[in-house]
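Colleague: Before I rely on this model at the bench, I would like to go through the labels attached to it and hear the reasoning behind each one.

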Amino acid sequence: APEELDNLRRVGAYQQALGRLMRGALVETPEGVAIDAARVLLSEGYGAPLGAVRARAAGGALRLAWEEDLPKGCGTLLVGVWHRGLGQAQCHRLEVAPGARAASLPLPAGWGEGTLDVWVAPHGAGKRGRYDSAHCVAAPAPSATRHATSLQTPSAPSATLQTAPAPVSRF
């Protein structure tokens, strides 16, 4: 639903998200302007209650883990995945049992070999069920490690790079 801003304009969710992206996640690089994925919020609400989130791609699945329990009344995780090399995205809605601190979802063929930006946010019913997304990166294992582990397992796990929650620009 559109939201009324201070200047009495009514702005929809798409325009709000685009404005946040332009103010908070665009960074200057030597090549021009780029998006800093760690500063992108795919969901915004009452903080990021999951703590540090980790992701690992292995065996055709993305395995997620987090430090804290889901907030009371939340049984769903919203998950966004961006494959940097392919320039493709996926969105998932996962049902999670109370007390769970891990989940997994299937990945398309070839996605386990690339670097994945992953955003995770708990979601519940109503306006109070909205929370900030947490970001992490699932990077492929280095080639030497991948070769050594491929002798032991059918698919080599990818490494996880944790990023601190991005600062939120409130307006």
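Colleague: Why is Val-53 called buried?

Modeller: In this predicted model, Val-53 lies in strand 5, which covers residues 53-58. Its relative accessible area is 4%, and buried means under 20%, so Val-53 is counted as buried. The C-alpha atom of Val-53 is separated by 7.2 Å from that of Leu-64, a residue 11 positions away along the chain.

Colleague: What makes Ala-57 buried or exposed?

Modeller: Ala-57 is also placed in strand 5, and at 3% relative accessibility, set against the limit of under 20%, Ala-57 counts as buried. Its C-alpha atom and that of Glu-113 are separated by 8.1 Å, although the two residues are 56 apart along the chain.

Colleague: How do you know that Thr-76 is buried, and which residues is Thr-76 in contact with?

Modeller: Thr-76 has its place in strand 7, and its relative accessibility is 11%; because the label buried asks for a value under 20%, Thr-76 receives that label. If neighbours within four places in sequence are left aside, Thr-76 is in contact with Arg-93, Leu-94 and Glu-95, and also with Ala-121, Pro-122 and His-123. A contact here means heavy atoms within 4.5 Å.

Colleague: What makes the pair of Arg-101 and Asp-69 a salt bridge?

Modeller: The closest N and O atoms of Arg-101 and Asp-69 are 3.0 Å apart, and the cut-off is within 4 Å, so the pair is counted as a salt bridge. Arg-101 sits in the loop between strand 8 (88-95) and strand 9 (102-106), while Asp-69 sits in the loop between strand 6 (61-66) and strand 7 (74-83), so that the bridge links distant parts of the chain, 32 residues apart. Side chains of opposite charge can pair when their charged atoms come close.

Colleague: Why are Arg-101 and Asp-69 called partly exposed?

Modeller: Partly exposed is the range between buried, under 20%, and exposed, over 50%. Arg-101 has a relative accessible area of 39% and Asp-69 one of 40%, so both labels follow from that range.

Colleague: How many salt bridges does a search of the whole structure find?

Modeller: The search finds 2 salt bridges. Besides the pair just discussed, Asp-117 forms one with Arg-84, with the closest N and O atoms 2.7 Å apart. Because Asp-117 lies in strand 10 (residues 116-124) and Arg-84 in the loop between strand 7 and strand 8, this pair ties together parts that are 33 residues apart in sequence.

Colleague: Are the two partners, Asp-117 and Arg-84, buried or exposed?

Modeller: At 2% relative accessibility, Asp-117 counts as buried, whereas Arg-84, with a relative accessible area of 45%, is partly exposed.

Colleague: What makes the nonpolar surface patch?

Modeller: Leu-18, Met-22, Leu-26, Val-33 and Ile-35 make a nonpolar patch of about 460 Å², and helix 1 (13-24) and strand 4 (32-35) each supply at least two of its residues. A patch residue must have over 30% relative accessible area. Val-33, in strand 4, is at 59%, and because exposed means over 50%, Val-33 counts as exposed.

Colleague: How many disulfides are there?

Modeller: The count comes to 0 disulfides, where the rule asks for a pair of cysteine sulfur atoms within 2.5 Å. Among the cysteines, Cys-74 is buried at 9% relative accessibility, and Cys-136 is buried at 0%.

Colleague: What does the protein chain contain in helices and strands, and how much of the chain is buried?

Modeller: The chain has 2 helices and 12 strands, and buried residues make up 36% of its 171 residues. Of the contacts with a separation of 6 or more, 57% are between residues 24 or more positions apart.

Colleague: What is the mean pLDDT of the protein chain, and where is the pLDDT below 50?

Modeller: The mean pLDDT is 76, and 73% of the residues reach 70 or more. Over residues 144-171 the pLDDT is below 50, although this stretch has 50 contacts in the model beyond near neighbours in sequence. Where pLDDT is low, the predicted coordinates should not be read in detail.

Notes:
Residues are numbered from 1 along each chain as its sequence is written. This is a predicted model: local features need pLDDT of at least 70, side-chain atom pairs count only at pLDDT 80 or more; totals for chains, interfaces and linings use all residues. Side-chain values use heavy atoms; hydrogens and water are left out. Patches are made of residues with over 30% relative accessible area and no salt bridge: like charges are joined within 9 Å, nonpolar side chains (Val, Leu, Ile, Met, Phe, Trp, Tyr) within 5 Å. Accessible areas come from the Shrake-Rupley method with a 1.4 Å probe; for residues, only the protein chains shown count as cover. A salt bridge is a side-chain nitrogen of Lys or Arg within 4 Å of a carboxyl oxygen of Asp or Glu. Helices (H or I, at least four residues) and strands (E, at least two) are DSSP runs, numbered from the N terminus. Buried means under 20% relative accessible area, exposed over 50%, partly exposed in between (1.4 Å probe, protein chains only). pLDDT is the predictor's confidence in each residue, from 0 to 100.
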